[in-house]
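User: I have a structure to go through and would like some help reading it. Could we take it step by step?

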Amino acid sequence: MRRFTTLDSRAVPVARANVDTDLLIRIERLIEHHPEELGTFLFEPLRYLPDGRPDPAFPLNQERYAGAEILVTGANFGCGSSREHAVWALDAFGIRAIIAPSFSDIFQQNCLQNGLLTITLAPAEVERISAELADGAEPRMRIDLGAAQVVTPAGRTVAFEIEPERRRALLDGLDDIGATLGLEARIAEFEQHDAHARPWKYRTTDETRTTRLLVLPGDGVGAEVVPEVLRVVDWFARRRDVRLEVHVEPFGIASWRAHGTLMRDETWKEILAADAILFGAIGSPAYAEIPPEARTTDWLLEMRRSLDLFTNLRPVRTLDAVVEASTLRPEVVRGVDLVIVRELTGGVYFGEPRGVFDEAGGGRRAVNTMCYTTAQIERIARAAFELARTRTGRVCSVDKANVLEVGALWRDTVTAVRDSDYPDVELSHMYVDNCAMQLVRAPRQFDVLLTENLFGDILSDCAAMVTGSLGMLPSASLGPVGADGRQPALYEPVHGSAPDIAGQGVVNPLGAILSFALCLRYTFRLPQEARRLDGALEPGRILRTVERMSQAHREAADRADRVGDGLPGDVGRAAVDR
């Protein structure tokens, strides 16, 4: 494409609005002639009389405008067909620039691709220039693209607007491809940022990366819910081409009985190497059989610490079909859809000093330290605000700022992050005791709840009773995104090991299955597949399953605070086989 330099030339006025591309050049001429031959037929229906002679009244046929390279015309120029033939005809005739009140978008883009400059001016200004061309001594104009100015036949200077990238492309003689290559560094910077935010846009059928999924069934009911989840995992691998490698490792009491240790070195290496961990549960009365020195480490907390899993997401959503399972009135809990964002690697669970100490005068003293740094609060606040932007844009931050210095720092820091980087997100603050009360009074008021570690632990169990069962809730624990794009993650149901019902076949695996849905969303970056799995829990399907539960299992479920035995298997089958 040739460069567009300063143009000083004759200009021709064609005072006609809505000139479409087929009026500029007939389609049959495009079929019969090469692009460079089309100038002869430009404006053919207007330039020629029915007998084929040139119409002397048409401006392009008048000697006054002979050799004109600038066309001044009416609004909506270039409407109609999107083909480039109209631009080819103008170019072949010798037109280098067109001035009009407005242009068809596609026509304007085609002009850019072929080196023609389109200038948009106010209708009154276009009419004035046309009058100057018709009445002046010499119909000449000057266009300075670098300065974005037009000098009219009467000597007036008129500025026009043009996108900087478009002006640069014309000045340098670049088409879209050439202009794009000139922005290669900026494009690479954008794609690197965008790939983290919306990586599914960059997936292709040729992508071969396989996600390494480590499965730790663990203790109690964990060993019962995980096989149900693995059926779902297998379905997505076979039927939806989700590429993964599944590694199952014993954890907790199962590891002790098989290997004489709660955590093998091999298992820990797998934990550090995994893209995601699917966890069942931890805790069992059988731990009392293990020597104290062999169980000094809380391995779940150690995973959180070592992988820096600082963001804990706990969605709380009430399903209409099981709304009666809640001890709260249906009109209170129906329609609840909130997410608790819990800071998971700081606070009282990790603060130092901690321990139980003997007092000099007798007795003992226990110490746990609640502490947070500004950096810890800032990063969990950002996680909550980013999540809120994908929902209804509301964050309620929970603290105890009226009595705890940690709470005051928490509130000040969260507010500062919102004010500086997330002004579009609505932020409110609530004391933790009031929040616990509000969760059972009016839970629908919340969208994203942001909490520190201890408060999040307590409030998420409180929120679970809004849905009717702790066993219905999933969770995701996420670390920071590394330089290689990997983000450590652990997914687990909230319900724990539930030793009172372990081995009875009545545990509900929905919390674990929904945890894998979170894995699809955050580790595999496949939100459409996550929605597919969530959709298997539509109210009608759940209701049909609940109606098929046996009375015996209903009673067992009630005693164990679970929905029922028929629900797990059938919902698993609904999510996988149908």
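Analyst: The discussion below goes from the overall fold to individual side chains.

User: What kind of model is this, and how many helices and strands are in the chain?

Analyst: This is a predicted model. The chain has 23 helices and 19 strands.

User: How much of the chain is buried?

Analyst: Of the 578 residues in the chain, 47% are buried. The chain exposes about 26,800 Å², and 50% of that area comes from carbon and sulfur atoms.

User: And what share of the contacts joins residues at least 24 apart?

Analyst: Counting contacts between residues at least 6 apart in sequence, 70% join residues at least 24 apart.

User: Let us turn to the open sheet. What is its strand order?

Analyst: The open sheet has ten strands in the order 9-8-10-19-18-11-12-17-15-16, and the pairing is mixed. Strand 9 and strand 16 (426-431) are the edge strands, each pairing on one side only. From one strand to the next, the twist averages 20 degrees.

User: Do strands 8 and 9 pair in the parallel or antiparallel sense?

Analyst: Strand 8 (residues 211-218) pairs with strand 9 in the parallel sense, over five bridges. One of the residues involved is Arg212, whose bridge partner in strand 9 is Glu245. As background, strands of a sheet pair through backbone hydrogen bonds, in either a parallel or an antiparallel sense.

User: Which strands does helix 13 lie across?

Analyst: Helix 13 lies across strand 8, strand 10, strand 12 (337-343) and strand 19 (489-493). Its direction is at about 145 degrees to strand 19.

User: What about helix 17?

Analyst: Helix 17 (residues 432-441) lies across strand 12, strand 15 (394-399), strand 16 and strand 17 (448-451). The helix runs at about 105 degrees to strand 16.

User: Back to helix 13 for a moment. Is Arg304 buried or exposed?

Analyst: Arg304, which lies in helix 13 (residues 299-306), has a relative accessible area of 9%. Buried means under 20%, so Arg304 counts as buried.

User: What does Arg304 touch?

Analyst: Leaving aside residues up to four places away in sequence, Arg304 touches Leu309, Arg342, Leu344, Thr345, Phe350 and Glu492.

User: Changing topic: how many aromatic pairs does the structure hold?

Analyst: The structure holds eleven aromatic pairs. One of them is formed by Phe251 and Phe279, with ring centres 5.1 Å apart and planes at 85 degrees. Planes over 60 degrees apart count as edge-to-face, so this pair belongs to that class.

User: Where do Phe251 and Phe279 lie in the chain?

Analyst: Phe251 is in the loop between strand 9 (244-248) and helix 11 (253-259), while Phe279 is in strand 10 (residues 276-281). The two are 28 residues apart, and the pair links distant parts of the chain. Phe251 is buried at 1% relative accessible area, and Phe279 is buried with a value of 1%.

User: Why is the pair of Phe516 and Phe524 edge-to-face?

Analyst: The planes of Phe516 and Phe524 stand at 70 degrees, with the ring centres 6.4 Å apart, so the pair is edge-to-face. Phe516 is buried at 0% relative accessibility, and Phe524 is buried at 6%. Together with Trp235 and Phe236, these residues form one aromatic cluster.

User: One last topic: which charged ends sit over rings?

Analyst: The charged end of Arg379 sits over the ring of Phe310, at 3.9 Å from the ring centre. The charged end of Lys400 sits over the ring of Tyr431, at 5.7 Å from the centre.

How values were computed: Residues numbered from 1 in each chain as written. Predicted model: local features only at pLDDT ≥ 70, side-chain atom pairs only at ≥ 80, totals over all residues. Heavy atoms only, no water. Helix = DSSP H or I, 4+ residues; strand = E, 2+ residues; numbered from the N terminus. Buried < 20%, exposed > 50% of the residue type's maximum accessible area, 1.4 Å probe, protein only. Contact = heavy atoms within 4.5 Å. Areas by Shrake-Rupley, 256 points an atom, 1.4 Å probe, with all protein chains shown as cover. Phe/Tyr/Trp six-rings, centres within 6.5 Å; stacked < 30°, edge-to-face > 60°. Lys NZ or Arg CZ within 6 Å of the ring centre and 35° of its normal. Pairing = 2+ DSSP bridges. Axes fitted to C-alpha atoms, helices over the stretch in contact; angles between N-to-C directions.
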